[in-house]
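Reader: Please take one local part of this model and examine it closely, beginning with the backbone. Then follow the account outward, step by step, into the packing of the helices and the contact of the chains.

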Amino acid sequence: MSTALLEVDAVGKTYGMGGLFGRDRVRAVDGVSFTLDSGRPEIFAIIGESGSGKTTLARMILNSVPPSDGQIRFRGRDLATVRRRRDRLAFMKEVQPIFQNPFEAFNPLKRVDRYLFITARRFLGTRQRAAAEEAADSALRQVGLSLAEVKGRFPHELSGGQLQRVAVARALISRPSLIVADEPVSMVDASLRVAIVNLFTTLRDDLGVSIIYITHDLATAYYISDRIIIMQNGRVVESGAARQVLDAPRHPYSIQLKNAVLSPDAAGSDAALRSDRMADRANVADAMTS
Amino acid sequence: MMTATRAPAFPYPEPTMAMATTAPVVEVRDLRAYYLVNQYGVRREVRAVDDVSLRIESNQIYGLAGESSSGKTTLIKTIAAATRPPLYVVGGTVRFNFRDSSVELYGGAQPDLGAIRWKHLSYVMQGSMSVLNPVRRIKHSFVDFAFRHMGEPMPRFWEIVRAHLERLHLRPSVLEAYPHELSGGMRQRVTIALATVCRPEFIIADEPTTALDVIVQKEVLAMVREVQRELGSSLLFVTHDMAVHANLCDRLGIMYAGRLIEEGDTARIFKEPLHPYTQHLISSLPRIGDRKPRQGLKGAPPSLADPPTGCRFHPRCPLAMGICREEAPPLLPMENGRRRVACFAAMAEATGEGSP
């Protein structure tokens, strides 16, 4: 049996809100568990609407927010024990993030290649400029760019799609085994979105990188992911193989989500919108009684 | 009387039996809106809207699709007469045919915009939080926006507002709320109520559901549809989400790099897209229940400050021919004028099939 890459074990997070008196407690994530296998790279989708706790979960996996309860283990080691600088760097080398908005992820006043070189220096220990450039170039080639196209450019000189691919390349420099991508395509233009989504499948198949793909877009999740979990109010309401879950969702919330996805096939008829809330409620009621 | 003098330059055929015989609510002719920047003696010109002509019939939802920097926001700003320097209208006109008056913008003397705004033409914006004043209750926003335009005494005004909210299934208690007390979906519903309370004949909606979750998005779209059908208004709906267009719009126009490249009935366009860019947009949409690999499009949208010569899509186009590099394809009518497309390859294919 191969070892687990990432074990998320009954993890919860409670945020305290409010001032000195009468603090409100918000349970952002509640009892979430799943395991990613190290021998079998996969795209694991976390689906939920805003406020469902998916970004909090991602931050806990990235070890930037400690869980209130439960444990997250990466290659068997509890992330709570990864505290010293050397341990943290070793962990970050293995687990890399990609953020939603590439225009916010990169400092607009700094050249984008700088991020690639810093990442190479920090995680690969390259001291020479030439070695750093080579590492950056090979990572950029994996996402269909080259250093020549990016070198010396500022973020505003690149399109959103190019910039997001640079973000993916940056994450690839340290040769991670896990990438956590939080809504990576929601800010990218329609004609470039597919290219980025396809890139994730290439990373999984050719480089053996596991990807945690966080999204509220069920259609792209169906298109690329192997397994999914659906979250509502911090809890996992449904999980399983992506196709199975989305073809025949069982939980009322998953059914509601799937029904809310507008299909392009119904073009020209407003049936989907006319059916309205009443129909959704009826469907949910059916599912609950059956 | 206008059509008689202007028709030859306009790529629409004369109205036939199949088309609506009444005048369209909005008629945009050869509109060009450029950003003109003159910095330290260096003149720069960004052609955000270049030669766009379209018409929106009454009681019709017209969808405008296109990615960022395709000029769609500039186009609706120009139609809404909300241009501010450095955006200038360089040529063309926008004409509104309202029930009791006609207004022409950019055709000479600027008409009194205060008289048409909100009563005839209103606007639903993307960021509901920035439309509603965060430190005032919702009811004050209604007074600020709508009271003057409705021209009714205060008690009658509140009667109309309450009746309107009820029609949109909103509780009148939202009037007492502050914007931060409402959820994003609720706020967006309030802005839609705000934009429709004067029963305008033409509504512009700029990405009103982009920031919302799928479930809320569907409810808000259903509401948009309902209120449009009830008022019989025309709606110009802008979003980059093709799935929304498919489910909401009667007609669809697709913009690329400042130009309208295809236009037609939504069902027809989705069934048989003619322009290669439209074909890509539709074929690359992921669908639940279908894991067929989809191809990305090479390259990136062009910079409008320095667009490619000829057809602006040719560097990314799989069908590009020699002529595409040199000449910009005109937007020519097809299918008895119900469809227009700007592509040499699509025209060449269609000429064999007895198209006009």
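Author: D30(B) is placed in strand β1 of chain B, which covers residues 26-39, and this is a predicted model, so every value below is computed from it. The backbone of D30(B) has a positive phi of about 45°, although D30(B) is not a glycine. Most residues other than glycine have a negative phi, and most peptide bonds are trans. D30(B) counts as partly exposed because it has 15 C-beta neighbours inside 10 Å, whereas a buried residue would need 20 or more.

A second residue of chain B shares this backbone feature. R199(B), which is not a glycine either, has a positive phi of about 50°. While D30(B) sits in a strand, R199(B) is found in the loop between α7 and β7 (202-206) of chain B. With 16 other C-beta atoms within 10 Å, R199(B) is partly exposed. Another local feature of the backbone of chain B is the peptide bond from P85(B) to P86(B), which is cis, with omega near 10°. P86(B) belongs to the loop that runs between α2 (72-79) and β4 (87-97) of chain B.

The helix α7 of chain B, which bounds the loop of R199(B), leads on to the packing of helices. Two packed helices are described by the angle between their axes and the distance between the axes. For helix α7 of chain B (residues 184-196) and helix α8 of chain B (residues 214-231), the angle is about 15° and the axes are 10 Å apart. That angle makes α7(B) roughly parallel to α8(B), and the crossing of the two is right-handed. From α7(B) the contact takes G185(B), Q188(B), R189(B), I192(B) and T196(B), and from α8(B) it takes V216(B), E219(B), V220(B), M223(B), V224(B), V227(B) and L231(B). By class, the residues of this contact are seven nonpolar, three polar and two charged. Elsewhere in chain B, helix α13 (residues 344-351) has F344(B), A345(B) and A346(B) as buried residues. The buried residues of α13(B) pack against α12 (322-326) and β12 (339-341) of chain B.

Chain A, with 12 helices and 10 strands, offers two further helix pairs, and α7 of chain A takes part in both. In one of them, the axes of helix α4 of chain A (residues 112-124) and α7(A) come within 9 Å and cross at roughly 15°. That makes α4(A) roughly parallel to α7(A), and α4(A) passes α7(A) in a right-handed crossing. The contact is made on the side of α4(A) by V112(A), Y115(A), L116(A), T119(A), A120(A), F123(A) and L124(A), and on the side of α7(A) by V166(A), A169(A), R170(A) and I173(A). Nine of these residues are nonpolar, one is polar and one is charged.

In the other pair, helix α5 of chain A (residues 129-142) and helix α7 of chain A (residues 160-173) have axes that come within 8 Å and cross at roughly 125°. That makes α5(A) oblique to α7(A), and this crossing is right-handed as well. The residues in contact are A135(A), A136(A), A139(A), L140(A) and Q142(A) of α5(A), together with A169(A), L172(A) and I173(A) of α7(A). They divide into seven nonpolar, one polar and no charged. A169(A) and I173(A) therefore appear in the contact of α7(A) with α4(A) and in its contact with α5(A).

Helix α7 of chain A also leads to the contact of the two chains, which takes 37 residues from chain A and 37 residues from chain B. On the side of chain A that touches chain B, the elements giving two or more residues are α7, α8 (190-207), α9 (218-224), α10 (242-247), α11 (252-260) and α12 (271-289) of chain A. Of these, α8(A) gives the most, with six residues. The residues on this side of chain A divide into 18 nonpolar, 11 polar and eight charged.

Chain A itself is divided into domain 1 (41-51 + 84-248) and domain 2 (249-290). Nine residues of domain 1 of chain A are in contact with eight residues of domain 2. The elements that give two or more residues to the side of domain 1 that touches domain 2 are α9, β9 (227-232), β10 (235-241) and α10 of chain A. That side of domain 1 consists of seven nonpolar, one polar and one charged residue.

Notes. Residues are numbered from 1 along each chain as its sequence is written. Chains are lettered from A and ligands numbered from 1 in the order in which they are written. This is a predicted model: local features need pLDDT of at least 70, side-chain atom pairs count only at pLDDT 80 or more; totals for chains, interfaces and linings use all residues. A residue is buried if 20 or more other C-beta atoms lie within 10 Å of its own, exposed if 12 or fewer, and partly exposed in between; C-beta atoms are placed from the backbone. Helices (H or I, at least four residues) and strands (E, at least two) are DSSP runs, numbered from the N terminus. Two residues are in contact if their C-beta atoms, placed from the backbone, lie within 7 Å. Axes are lines fitted to C-alpha atoms, for helices over the stretch in contact, and angles run from 0 to 180 degrees between N-to-C directions. Angles under 35 degrees count as roughly parallel, over 145 as roughly antiparallel, 65 to 115 as roughly perpendicular and the rest as oblique. A crossing is left-handed if the near helix is turned anticlockwise from the far one by less than a right angle, and right-handed if clockwise. Ala, Val, Leu, Ile, Met, Phe, Trp, Tyr, Cys and Pro count as nonpolar, Asp, Glu, Lys and Arg as charged, and the others, Gly among them, as polar. Domain bounds come from an automatic or database domain assignment.
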